[in-house]
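Student: Could we go through a structure together, with the reasons behind each label? I would like to see how the terms are applied.

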Amino acid sequence: MSHQSQEPTPEPGPEKEPGLSEELEQEVARESGAPAGLDAGEDTADRLAHALQQTMSHPWTVAAGAILLAVLVGSVMIAFTDERVTSAAGYFFARPGDLFTALGDSIGGAYSALFRGAVFNPRADGFAAQIRPLTETFNYATPLIAAGLGVALAFRAGLLNIGGQGQMLIAASAAGWVGFGVTGLPFGVHTLLAVAAGIAGGAVWAGIAGLLKARTGAHEVIVTIMLNWIAFYLVAYLLATPGLLQAPGSSNPKAPPTPASAQLPGLLGERYNLHWGFVLALAAVVFVWWLLNRSSQGFAFRAVGENPRAARVAGIDVPWTTVKVMLVAGGLVGIAGASQVLGQVTTGFGGDIDAGIGFDAITVALLGGSNPWGVLAAGILFGAFKAGGTAMQASEGVPNDIVLVVQSLIVLFIAAPPLVRAIFRLPDPDRRRTPREARKARKEAA
Amino acid sequence: MRLELRGITKRFGALVANDHIDLTVEPGEIHCLLGENGAGKSTLMNVLYGLYEADEGEILLDDEVQHFAGPGDAMAAGIGMVHQHFMLVPVFSVAENVMLGHEPGSGGVLDVESARRQVREISERFGFHLDPDALIEDLPVGVQQRVEIIKALSRNADVLVFDEPTAVLTPQETDELMAIMRQLRDSGASIVFITHKLREVREVADRITVVRHGKVVGEASPTASDADLASLMVGRAVELTVHKDEPRYSTGLLRVSGLQVVDDAGAVVVDDVSFEVRGGEVLAVAGVQGNGQTELTEALLGLQDDVSGSITLDGEELTGRSVRKVLDRGVGFVPEDRTHDGLVGEFTIAENLMLDRSDGPPFVRSGALQLAYRDDFARSAVAEYDVRTLGIDTPVGRLSGGNQQKVVLARELKRNLRLFVAAQPTRGVDVGSIEFIHKQIVATRDAGVPVVVVSTELDEATALADRIMVMYRGRVVGIVPSTTPRDTLGLMMAGIPPVEHGGEAA
């Protein structure tokens, strides 16, 4: 069809068609953000600077910067809440050395306790016990990863899924009910059925929000928040009503224990708490990656998320896609709920089975940049905070709340990338020049 | 007042929007700044108006160096600007709009009377016939533009900048604007007229400066031919006329009858529209922006919700079908607003090229994207449609307007089409790409496909069309041959049906 022979690369006769080469130069500059006519090998320094800029403006660098900042601010908080530091500060002018020792002990002690509790404990006997904290981290990370994926997927499709709590509660109830209510199934089948029930429960609960948004235009944030409350009180009622979810013979709002046939079996044997839920979460990461990057459905999800108008013109049914996204997102959160009931709390769950994970998941998704691998990393980081926070409190007396403060600070800094960039002087990917450079250039020109 | 720009340079990152531009405008002169979209004309004027700070260079008024920190400074120095998109408050009266920003009066009491007087004075001087108490929203676009002009004059502007002022005007309104500009010139004002339309340049300019890719590439005389001006503007010889043979009709047929579209606000935006397009011909839908053309094309694709009447393609009813089904019937669509409706900016070129084919083979098999096929397809489409890019993995949002449009065009035309609908296919597109896009549209017509092209540019409509349908306020004013005189078409665009010639009036 094309009758034109102006290939972009070959040399156009410069005298004959100056516009063409200029045009290509401009196009290259527009696309790469690099100075036009940057030749390979000609200017290594420039190329290095360009590569460095690409790396430094990457969101991961910002995430790392946010974590570092949060840890620094956390140090201040740890120091302030430590009595040794406050008392040493009282006689600072008499013996200033004491304050610095106290500061070092306090902050160093706290973070090394965090490390011992979350990754590796050299004080324990034998490698198997020393590495146990890491498995605890993975254990805590399991529901965070699964629920984080649920939030991240919805976000990629332009939906804010604030309903993790409700979806987890419904999922946990469904999985729990299949666990103790259905009997006579062999081990394995029973577990799978219970997990499937959890996924279905989460999917239905999120699907309601999707359907309401698709059919009536109700905003998903409001709907999912309200569904959290509905789920909370509904589950509270179910747990307090004999014959429904309440354990027989008990008057507490608590479900019966999950029978062994429905439990997610341990992954590394009796010594560790880590169970197959972690494998489910990892499988979910791979699944979401495939869904988003390799499937036609994920293509539609992303198109709707990035530009719903263009998606509609391209023949994608936007409302129906909204429903599908919420179903899948809820299913992912459902894995978190199921893993809680079938792996974590097998002695019978109460109304607090979601353990705040539904909301932490939002943070995890945000920190992970709504990318499945990012969610995996963020989930493990937050799992480490949870596992290590207890150790910090136990051995150093640092209030666990400080760990939560650090977590919240990370989110705060993540939510304000310009702040992190400004502090670490990272380049902005959207602006190709820092104000400082611009000022310098102006000065040179003047 | 004599305006001089010396060595103005403005960079946005690696992009040099203005590269040492020199420009002098003498009093009593219309100086035309001619250049393509993206050549840097608007950037230059924004520097002049104090909206951007130049990286290098200086602005002189009557040989005095000026430092503008904002539009306020520029206005105070005697520079007035008539923007492409009017900066008027629709619910305010003419007088209120004119005084907005420098309200006369004292002690918090507005002196509307003095503003009224000013409006009356200026409009008498130039024969505008403007009622100071009329509300802006009740005025036609051309008259609104005069309010903008009065606004600038009321602040004693000696240098007037018209930034693409004719984009929203009918041909008649354009002629009237030209007359006003001449009048202003004769009264001693220095006028900068920014445009990319050659016809207007030759008609009104005293001097022409051509800008290309941020640089001044030369001056031209108003007597230069269109071809010369265009090649200066683009940097190579450009084919301005569209070559097409007599239509060879195929059996394809789009028939629209009694089509009515009601928008979300309940207004009838397309009113009893009927027409036919045969395979192998181009029907151009002409008219001033906002007279129902957009909604008509959206209705053809199934994007409008409240549609009555009938649209049949080769005898098959299309109304009431989903967009997906309409696309599957072989309807190709180039939306008017490509960045919002045609492309996903964050997606790569390859992804955008399969945007409306993500539901089945060949791009998708058993739910999985066929990445190898997608990339091969993208590479061949990029080569065939001359998309200038570093690679198929470039986010489409980083491309220039013309290259973006080629991506849309490639996506639509590389399907098996039975109808092609293009809304404003060359808006915001450089002249070089326009030439290419026109060729592709004609090639589609010659392949026997019925083609509907919406254009608010009369030149484009007459060049591409076999027949022209003019719309006014949602109704068809008439369907006439493309040889119809410009004046008649202009009148039709203002809602006056053709009488003396053989058009089929609706």
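Tutor: Here are some questions about two chains, each answered from a definition.

Tutor: A word on the basics: this is a predicted model, in which local features need pLDDT of at least 70 and side-chain atom pairs count only at pLDDT 80 or more, while totals for chains, interfaces and linings use all residues. Residues are numbered from 1 along each chain as its sequence is written, and chains are lettered from A and ligands numbered from 1 in the order in which they are written.

Student: What makes chain B as compact as a globular protein of that length?

Tutor: Chain B has 17 helices and 25 strands (DSSP runs numbered from the N terminus: H or I of at least four residues for helices, E of at least two for strands). Its radius of gyration, taken over C-alpha atoms, is compared with the globule rule, 2.2 Å times the number of residues to the power 0.38. For 506 residues the rule gives 23 Å and chain B has 24 Å, which is close, so the description holds.

Student: Why is strand β21(B) called mostly covered?

Tutor: A residue is buried if 20 or more other C-beta atoms lie within 10 Å of its own, exposed if 12 or fewer, and partly exposed in between, with C-beta atoms placed from the backbone. In β21(B), residues 419–423, five of the five residues are buried. In a regular strand the side chains alternate between the two faces of the sheet. Here Leu419(B), Val421(B) and Ala423(B) lie on one side, with Phe420(B) and Ala422(B) on the other, and both faces are covered.

Student: How do you know that β21(B) pairs with β22(B)?

Tutor: Two strands pair if DSSP finds at least two bridges between them. β21(B) and β22(B) (residues 451–454) have four, in the parallel sense, so the condition is met. One of the partnerships is Ala422(B) with Val453(B). Strand β18(B), residues 331–334, is also parallel to β21(B) and joined to it by four bridges, with Phe333(B) partnered by Val421(B).

Student: How do you know that the length of helix α16(A) agrees with what it should span?

Tutor: The expected span is 1.5 Å times one less than the number of residues. For the 25 residues of α16(A), 372–396, that comes to 36 Å, and the end C-alpha atoms are 35 Å apart, which agrees.

Student: Where does α16(A) bend?

Tutor: The bend is at Gly388(A), by about 25° (the angle between axes fitted to the seven residues ending there and the seven starting there).
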